Amino acid sequence: MNEKSCTINNRKGVKDLLKYKIDVLESLKEAGYTTTRLRREKLLNESAIQYLREGKPVGPVPLNQICKLLDMQPGNILKYVE
């Protein structure tokens, strides 16, 4: 399993850490969703794809779409590490 970290600054200036439990783009590819298909069918926008490549957190709309495409819950994709 390839975990990617993403740091988020909360309002208090404390850094919370989210880690991807899976390689999302690889999992999408295994499910038949290449980045070309994701773009062409407007399933994910370019910035969401780039964020995934860089291990950065995506917003709730792309996360929802990823959950639908992979038939997973957000907790299957992300984990919180303080």
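The protein has five helices and three strands. The model is predicted. The exercises below work through its fold, its core and its charged side chains.

**Exercise 1. The order of the elements**

Task: State which pattern the helices and strands follow along the sequence.

Solution.
- Step 1. Read along the sequence, the pattern is β-β-α-α-α-α-α-β.
- Step 2. Check it against the totals: five helices and three strands.
- Step 3. Turn to contacts between residues at least 6 apart in sequence: 45% of them join residues at least 24 apart.

**Exercise 2. Surface and interior**

Task: Find what percentage of the 82 residues is buried, and what carbon and sulfur atoms supply to the exposed area.

Solution.
- Step 1. The cut-off for a buried residue is a relative accessible area under 20%.
- Step 2. By that cut-off, 32% of the 82 residues count as buried.
- Step 3. The protein exposes about 5,500 Å², and carbon and sulfur atoms supply 49% of this area.

**Exercise 3. Helix α4**

Task: List the buried residues of helix α4 and say which elements they pack against.

Solution.
- Step 1. Helix α4 covers residues 60–70.
- Step 2. Its buried residues are Pro 62, Leu 63, Gln 65, Ile 66, Cys 67, Leu 69 and Leu 70.
- Step 3. To read such a list, recall that an α-helix has 3.6 residues a turn, so residues three or four places apart point the same way.
- Step 4. The buried residues of α4 pack against four helices and a strand, namely α1 (24–30), α2 (35–40), α3 (46–54), α5 (74–77) and β3 (78–81).
- Step 5. Look just past the end of α4: Asp 71 there takes a positive phi of about 55°.

**Exercise 4. The nonpolar core**

Task: For the largest nonpolar core, give the number of residues and name those with the most contacts inside it.

Solution.
- Step 1. The largest nonpolar core has 20 residues.
- Step 2. Those with the most contacts inside this core are Val 24, Leu 28, Leu 38, Leu 44, Leu 52, Ile 66 and Ile 77.
- Step 3. Helices α1, α3 and α4 each supply at least two residues of the core.
- Step 4. Helix α4 gives the most, with five residues.

**Exercise 5. Ile 77 and Ile 22**

Task: Compare how far apart Ile 22 and Ile 77 are in sequence and in space.

Solution.
- Step 1. Locate Ile 22: this residue is in the loop between β2 (15–20) and α1.
- Step 2. Ile 22 counts as buried because its relative accessibility is 13%, and the cut-off is under 20%.
- Step 3. In sequence, Ile 22 and Ile 77 are 55 residues apart; in space, their C-alpha atoms are 5.9 Å apart.
- Step 4. Leaving aside neighbours within four places in sequence, the contacts of Ile 77 include Ile 22, Val 24, Leu 63, Ile 66, Cys 67 and Met 72. Lys 19, Tyr 20 and Lys 21 are also in contact with Ile 77.

**Exercise 6. Two polar residues in helices**

Task: Decide whether Ser 27 and Gln 65 are buried or exposed, and name what they touch.

Solution.
- Step 1. Ser 27 lies in helix α1. Its relative accessible area is 18%, so Ser 27 is buried.
- Step 2. Not counting residues up to four places away in sequence, Ser 27 touches Ile 22 and Leu 70.
- Step 3. Gln 65 belongs to helix α4. Its relative accessible area is 17%, so Gln 65 is buried.
- Step 4. With residues up to four places away again left out, Gln 65 touches Leu 43 and Leu 44.

**Exercise 7. Charged side chains**

Task: State how many salt bridges there are, and describe the pairs that involve Glu 41, Arg 53 and Lys 56.

Solution.
- Step 1. Side chains of opposite charge can pair when their charged atoms come close.
- Step 2. The cut-off is a nitrogen to oxygen distance within 4 Å, and the count comes to four salt bridges.
- Step 3. Glu 41 pairs with Arg 37 at 3.0 Å, N to O. Glu 41 is partly exposed at 39%, and Arg 37 is partly exposed at 26%.
- Step 4. Arg 53 pairs with Glu 46 at 4.0 Å, N to O. Arg 53 is partly exposed, with a relative accessible area of 38%, and Glu 46 is partly exposed at 38%.
- Step 5. Lys 56 pairs with Glu 54, with the closest N and O atoms 2.9 Å apart. Lys 56 is partly exposed at 38%, and Glu 54 is partly exposed at 42%.
- Step 6. Salt bridges that share partners join Arg 39, Glu 46 and Arg 53 into one network.
- Step 7. The charged end of Lys 56 also sits over the ring of Tyr 51, 5.4 Å from the ring centre.

Definitions and conventions. Residues are numbered from 1 along each chain as its sequence is written. This is a predicted model: local features need pLDDT of at least 70, side-chain atom pairs count only at pLDDT 80 or more; totals for chains, interfaces and linings use all residues. Side-chain values use heavy atoms; hydrogens and water are left out. Buried means under 20% relative accessible area, exposed over 50%, partly exposed in between (1.4 Å probe, protein chains only). Contact means heavy atoms within 4.5 Å. Accessible areas come from the Shrake-Rupley method with a 1.4 Å probe; for residues, only the protein chains shown count as cover. A nonpolar core is a set of buried Ala, Val, Leu, Ile, Met, Phe, Trp, Tyr and Cys residues joined through side-chain atoms within 4.5 Å. A charge sits over a ring if NZ of Lys or CZ of Arg is within 6 Å of the ring centre and within 35 degrees of the ring normal.
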